[in-house]
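Colleague: I'm new to this one and would like to learn how to read it. Could you walk me through it, feature by feature?

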Amino acid sequence: MKRKLNMLLALSLLGLTGAAYATTCYLNQVVLCFKNGDKVQGSYLHTGSSIGGGTASFYADIFAEESAWRYDKYSVTRGGRTPNRSYTSFCVGFEAGGADLFTQPAVNGGFHVTFWNPLTSHTDDGWNGSGGLSPIPAYDERVYYSVGASYSDTSSTSCN
Amino acid sequence: MQAPETAPLDAFKQFLASPPIIESLVWKKVMPSEQVNRPQPAPTTSRPLEHEYWFQGRWQPGFLILKSGHTLEVTQPGRQAGDEINARLGDDFWTWELSGFIMHWQERTHALWDMRMQPSKLFQTHTREFREVMSMGVMHLDIGAIRWNGDNFLAEGYVPEISSAVRAHGIVKPDSNGYAQEMAVEYFIRTNAYHYVVHYKYDTNIGLPFLPSVIQSFWVNEGKEVKMAEYALRSLKTSTVALPSSLFDPQANLRTNSSPVLVYKDGAWYQTNALGKLAHFTPPFANERSPTTGEKLEANQLYFGAVFLNSFTAFSVIRRINKQNKQNTKRKKTT
């Protein structure tokens, strides 16, 4: 009888540990993939329809017109990134900018870019869509980029 | 206020060559439909390019604060959600972007073409609309850069995106009432020439009657005019005395905001850490790769440690209880 009680005690202790594991606290760190003004892609070849009509192609450097970032959910109690945040790369397929820092942006939300158009001499706005791919709306093209991420030590903690 | 006897066209030209202190300039930029309605990339969850942007600018030589947002709310004091603020107070520059990131840096060079730092070039890009409106639709110029010779002008400018100088010349034509009706402009950048025409409309008096309420800029391509930008000016208030620098300072808003401030210094970005010191803003995952099994185990070492400690404690307690039970049983037997 006593042995059974002892076993129950041991099991309850293990259960408590499991419960502590489930109640994990996270730190939402912000990973900056592009800072406002960073060069997203140098000498990018634009091809496709041009503003003046017809097709055109040109080279242009593309700059981020807003910071592109994502949350990295970091577990404080478990000592690492959570399985649902185990990015193979922080800056591919990311949520990007376009939202307030304290609101989770849409996955693959994209961010504004800007470039000087050598055909018109006009500074144009574009949209860097799906993370890792950067279609420029005016030309329906995509830029493939890869950059290192930077941490901004900020944001909030949460437990569940 | 301009003297009433000055002809509208002369007052217009004087504004471009020697603008007054701007206490408030409010306008709306309307994206031409041929730019907005172009095919949008997948996925559709992307935030589309906005059709309209509102701006409020305040300027005097060496000082600028420019707010932009999606609604007329930008004219409200402080910063509304979704607003972007770009400010310059002498050598201090601030960009408070839509997402909430705040960037601060110093730039001692004031000429557009001498600015080498990336954030300063960014600042020029972000404030280009203000310069364009202050130049009545002429692109790539600093405020007050236009020099008139009769109705012809000449100016030197700069394109920060390609680090190139621009030479612009043009001619302004009045309407039958003596107001500026259109301005033909030619830009020379590197070896290329670009032709533009800017049309002016006078639907309302924005504050200075000789200035238009609508500015429409067209690229002239093979004889066709393609609209590139439209600015609808709402109000303009000038000042005859210098404005206090506090009116250009965005820091009052920063004190009530918990957004991170990135500081650009000596060619690198820093952020204030928990100790209040500037910490280098480094890329910790510059060479990203999938963690190995060992690293995953190491990452969870706190958890495994806790499990081990709890298990060890549990078995120690059980062992002690068993020992005590055995001793108690022995005592009972002996008694």
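**Reading the two chains**

Modeller: Let's start with chain B, which has seven helices and 16 strands. Helices (H or I, at least four residues) and strands (E, at least two) are DSSP runs, numbered from the N terminus. Keep in mind that this is a predicted model: local features need pLDDT of at least 70, side-chain atom pairs count only at pLDDT 80 or more, and totals for chains, interfaces and linings use all residues. As for names, residues are numbered from 1 along each chain as its sequence is written, while chains are lettered from A and ligands numbered from 1 in the order in which they are written.

Colleague: And what does chain A contain?

Modeller: Chain A has one helix and nine strands. Read from the N terminus, its elements go α-β-β-β-β-β-β-β-β-β.

Colleague: How do I read the confidence, and what is the average pLDDT of chain B?

Modeller: pLDDT is the predictor's confidence in each residue, from 0 to 100. Chain B averages 82, and 79% of its residues score at least 70. Two stretches of chain B need care: pLDDT stays under 50 over residues 36-48, and also over residues 283-291. For the complex, the predictor gives an ipTM of 0.74 and a pTM of 0.75.

Colleague: Which contacts does the model have for those two stretches, counted beyond four places in sequence?

Modeller: Two residues are in contact if their C-beta atoms, placed from the backbone, lie within 7 Å. Beyond four places in sequence, the model has 31 contacts for residues 36-48 of chain B and 13 for residues 283-291 of chain B.

Colleague: What share of each chain is buried?

Modeller: A residue is buried if 20 or more other C-beta atoms lie within 10 Å of its own, exposed if 12 or fewer, and partly exposed in between, with C-beta atoms again placed from the backbone. In chain A, 41% of the 160 residues count as buried; in chain B, 33% of the 335 residues do.

Colleague: How do I follow strand pairing, say from strand 9 of chain B?

Modeller: Two strands pair if DSSP finds at least two bridges between them. Strand 9 (residues 164-174) of chain B runs antiparallel to strand 10 (residues 180-189) of chain B, joined by nine bridges. One place to look is B:R167, whose bridge partner in strand 10 is B:F188. Strand 10 of chain B then pairs with strand 11 (residues 192-201) of chain B, antiparallel over eight bridges. There, B:E186 stands opposite B:H195 of strand 11.

Colleague: Where does the chain go after strand 11 of chain B?

Modeller: Strand 11 of chain B pairs antiparallel with strand 12 (residues 214-221) of chain B over six bridges, with B:Y200 matched to B:I215. Strand 12 of chain B in turn pairs antiparallel with strand 13 (residues 224-239) of chain B over eight bridges, and B:S217 faces B:A229 there.

Colleague: What should I check in the turns, for example at B:R190?

Modeller: Check the sign of phi. B:R190 has a positive phi of about 55° although it is not a glycine. The hairpin of strands 10 and 11 of chain B has two residues between the strands, with B:R190 in the turn. B:R190 counts as exposed because 10 other C-beta atoms lie within 10 Å. In chain A, A:S121 also takes a positive phi, near 70°, in the loop between strand 6 (111-117) and strand 7 (122-128). A:S121 counts as buried because it has 22 C-beta neighbours inside 10 Å.

Colleague: And how do I find a core?

Modeller: In soluble globular proteins, nonpolar side chains tend to be buried together. A nonpolar core here is a set of buried Ala, Val, Leu, Ile, Met, Phe, Trp, Tyr and Cys residues joined through C-beta atoms within 7 Å. The largest has 84 residues, of which B:W27, B:V138 and B:V198 touch the most other members. Strand 13 of chain B gives the most to this core, with seven residues. Leaving aside neighbours within four places in sequence, B:W27 has contacts including B:F55, B:V133 and B:Y231.

Colleague: Which residues of helix 1 of chain B are buried?

Modeller: In helix 1 (residues 8-17) of chain B, they are B:A11, B:F12, B:K13, B:F15 and B:L16. These buried residues pack against strand 7 (147-149), strand 9 and strand 10 of chain B.
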